[in-house]
Amino acid sequence: MKKVISIHRGPPAHWVGDGFHVRSLFSYDGQARSVSPFLLLDYGAPEEFAPSEQRRGVGEHPHRGFETVTIAYQGGVEHSDSAGNHGTIGPGDVQWMTAASGIVHEEWHEREFTRRGGTMEMAQLWVNLPAKHKMAAPAYQDIRSAQIPVVDVGTGSSVRVIAGEFRGAKGPARTFTPINVWDARLKAGGRVELDLPDGHTALLAVLRGKVSINGDESAGPAELAILERAGTRAVLEAGEDATVLVLNGEPIDEPVVGYGPFVMNTPDEIRQAFSDFHSGRLGQARA
Ligand code: MN
């Protein structure tokens, strides 16, 4: 059994631009070693937005050195970047954006969603890249809900396999290092056994509801459980309907030096990233 090492409660929500009201369930700032290969998880709990003609979100900004993974639960999110990619994701869809050597992008509420108004619920995960891939070409994977295998685990509960493999079902996301990203939707009273690789980081991010882990510890909304790397098994039981992101991956044993939108290995590489951005070498969001 992978024992629970610690349970962390996210700080209060903050706004990213004027569209995303999120809590950071974890961040590489202070937790880099224990969450590697992941860097950060922001979760925007369900929030009502009134109809508007003004688009909401976050305008042009750069990234380098990692990947951003946006999961839409409710509402719609639109993206465009300097590599020429443009996409809109709706409930259940995932956008897997590899910034790597660098992109400039914009992230907005979908236009029609903004006009109509409605409930927004989303999460954004940052996945680190090993040094040898930090300067790879940017890429963009638009993953539709219908492409994501849903594994029925009984009592109305299920696990959506976004990346990696769960009980033989393979997730559609291509990743640089071995990673599992599972979106578990548990019904009250549901129970699921997770088979996790020995030696890999295992994080349980509770977005909604409450779960007990291995029959003893429990975690509620916006709480993160960090499990030990040794061992291969964890058991989740939902005390009420719950959404849990199971994040599991091979740790990247390299220094993590980040500043704002850049995550590299050395301070020099961060200075280089700022200089490349300011001189326009990362391009523009709407080229
Ligand atoms: Mn961004």
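Which residues does Phe166 touch, not counting residues up to four places away in sequence? The first close-up takes that up, and the others move on to the metal, the empty spaces and a few backbone oddities. Keep in mind throughout that this is a predicted model.

**View 1. Phe166 and the residues around it.** Phe166 sits in strand β15, which covers residues 165-166. Leaving out residues up to four places away in sequence, Phe166 touches Val151, Val153, Val159, Val161, Trp182, Val192, Glu193 and Leu194. Phe166 is buried, with a relative accessible area of 2%. For a sense of where that is, try Ser34: it comes 132 residues away along the chain, and the two C-alpha atoms are separated by 23 Å.

**View 2. The manganese ion and its protein donors.** Three histidines and a glutamate show up here: His61, His63 and His105 each offer NE2, while Glu107 offers OE. These donors lie 2.1 to 2.3 Å from the manganese ion. Along the chain, the donor residues follow the spacing H-x1-H-x41-H-x1-E. His61 belongs to strand β5 (residues 57-63) and Glu107 to strand β10 (residues 103-109), so this pair ties together parts that are 46 residues apart in sequence. Where do His61 and Glu107 stand, buried or exposed? Both of them are buried.

**View 3. The largest pocket.** This pocket holds about 230 Å³ of space. Its lining is made of 16 residues, and those nearest the centre are Val16, Asp42, Glu107, Gln124 and Trp126. Glu107 may ring a bell, as it is also one of the manganese donors. Which elements give two or more residues to the lining of this largest pocket? They are β2 (14-16), β3 (20-27), β4 (38-49), β5 and β11 (118-128). Sorted by class, the pocket lining has eight nonpolar, six polar and two charged residues.

**View 4. The largest cavity.** Rolling a probe the size of a water molecule over the atoms shows where empty space is left. Searching the whole structure turns up two cavities of 30 Å³ or more. The largest cavity has a volume of about 60 Å³. Around it you'll find Gly19, Phe20, His21, Gly44, Ala45, Glu47, Phe49, Met120 and Met122. Strands β3, β4 and β11 are the elements that give two or more residues to this lining, and the largest share, four residues, comes from β4. By class, that makes five nonpolar, three polar and one charged.

**View 5. The second largest cavity.** Here the space comes to about 40 Å³. What lines this second largest cavity? The residues are Arg55, Glu78, Trp108, His109 and Arg111. Three of them are charged, with one nonpolar and one polar residue making up the rest.

**View 6. Glu110 and its contacts.** Glu110 is found in the loop between β10 and α2 (111-116). It is partly exposed, at a relative accessible area of 22%. Glu78, one of the residues lining the second largest cavity, is 32 residues from Glu110 in sequence, yet their C-alpha atoms are 5.1 Å apart in space. Glu110 touches Glu78, along with Gly76, Val77 and Thr88, if you skip residues up to four places away in sequence.

**View 7. Ser27 and a cis proline.** Ser27 is part of strand β3. With 18% relative accessibility, Ser27 counts as buried, because the cut-off is under 20%. A polar atom of the Ser27 side chain lies 3.0 Å from the backbone nitrogen of Asp29. Setting aside residues up to four places away in sequence, Ser27 touches Ala32, Leu39 and Leu40. Pro37 is also worth a look, in the loop between α1 (28-35) and β4. The peptide bond leading from Ser36 to Pro37 is cis, and its omega is near 15 degrees.

**View 8. Two residues with positive phi.** Ala100 is not a glycine, but its phi is positive, near 45 degrees. You'll find Ala100 in the loop between β9 (94-98) and β10, where it counts as buried at 0% relative accessibility. Asn214 isn't a glycine either, and its phi is positive at about 55 degrees. Asn214 lies in the loop between β20 (211-213) and β21 (217-219). At 18% relative accessibility, Asn214 counts as buried.

Terms used
Residues numbered from 1 in each chain as written. Predicted model: local features only at pLDDT ≥ 70, side-chain atom pairs only at ≥ 80, totals over all residues. Heavy atoms only, no water. Donors = N, O, S within 2.8 Å, 3.2 Å for Na, K, Ca; no water. Buried < 20%, exposed > 50% of the residue type's maximum accessible area, 1.4 Å probe, protein only. 1 Å grid on protein atoms, 1.4 Å probe; cavity = no way out; pocket = protein on both sides within 12 Å on 5 of 7 lines; lining within 4 Å. Points joined across faces, edges and corners; volume = space filled by probe spheres on them. Nonpolar A, V, L, I, M, F, W, Y, C, P; charged D, E, K, R; others polar. Polar contact = N/O pair within 3.5 Å; in protein donor to acceptor, adjacent residues only side chain to side chain. Contact = heavy atoms within 4.5 Å.
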